[in-house]
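Dear colleague,

Below is the structure I said I would pass on. My notes on the ligand site follow it.

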Amino acid sequence: MRKILVIHGPNLNLLGTREPGIYGRITLEKINRMLKELARKNKASLTIRQSNHEGQIVDLIGEAKKKKYQGILINPAAYTHTSVAVRDAVAACGLNVVEVHLSNIYSREEFRHKSLITPVASGTVLGFGAKSYTLGLSALLDLIP
Ligand code: DQA
């Protein structure tokens with residue numbers, strides 16, 4: 001059974017009430033349920049983590065291979081644009097990593113136009129709201145035999 005780690009970055013615990021004009025009203029719990037359902041249909045197992053702390057995210061990525069995960073689905077949230085440490089962890093982890101964003105970061109403020117993660121990710125899905133996550137998980141599962 002394929003084993004996937006899902007990482008939600010900072011402030012994504014606030015989904016549902018956080019800037020609904022941008023992120024919609026969907027909660028993180030609902031997104032996680034959608035992901036679990038998709039994983040179940042594809043006979044994959046998911047571990048889901050949310051963290052507001054950069055170092056904790058770096059640790060999760062760095063330990064993933066040792067813990068026998070075969071791929072990572074990550075929304076690095078604000079760290080997308082700022083974290084060389086998260087980028088280096090992704091580059092070093094030796095796993096397929098799919099980056100997702102709810103919003104289209106390129107249609108927003110200029111400081112969001114640069115992702116440090118995209119160049120080291122297997123692929124990126126953005127702009128489709130919660131569907132970015134399910135599209136990203138499907139794509140990730142396709143990369144793992
Ligand atoms: C986000 C986009 C980021 O710019 C922002 O900091 C987030 C969420 C998204 O999913 O659209 O927290 O990653």
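In this predicted model, a polar side-chain atom of arginine 112 lies 2.9 Å from an oxygen atom of the ligand. Taken alone, the ligand exposes 320 Å², and the protein buries 99% of that. Arginine 18 also has a polar side-chain atom 2.9 Å from a ligand oxygen. For asparagine 75, the distance from a polar side-chain atom to an oxygen atom of the ligand is 2.8 Å.

These three belong to the set of residues around the ligand, which also includes Tyr23, Ala77, Ala78, His81, His101, Leu102, Ser103, Ile105 and Arg108. Sorted by class, this shell has 5 nonpolar, 4 polar and 3 charged residues.

On the pocket: the ligand takes up the space of the largest pocket. The volume there is about 160 Å³. The lining consists of 16 residues, and those closest to the pocket centre are Arg18, Tyr23, Ala77, Ala78 and Arg112. By class, the lining has 7 nonpolar, 5 polar and 4 charged residues. Arg18 and Arg112 thus appear twice in these notes: each has a polar side-chain atom 2.9 Å from a ligand oxygen, and each is listed among the residues closest to the centre of the largest pocket.

Regards

Terms used. Residues numbered from 1 in each chain as written. Predicted model: local features only at pLDDT ≥ 70, side-chain atom pairs only at ≥ 80, totals over all residues. Heavy atoms only, no water. Near = heavy atom within 4 Å. Polar contact = N/O pair within 3.5 Å; in protein donor to acceptor, adjacent residues only side chain to side chain. Areas by Shrake-Rupley, 256 points an atom, 1.4 Å probe, with all protein chains shown as cover. 1 Å grid on protein atoms, 1.4 Å probe; cavity = no way out; pocket = protein on both sides within 12 Å on 5 of 7 lines; lining within 4 Å. Sits in = over half its atoms within 2 Å of the grid points. Nonpolar A, V, L, I, M, F, W, Y, C, P; charged D, E, K, R; others polar. Points joined across faces, edges and corners; volume = space filled by probe spheres on them.
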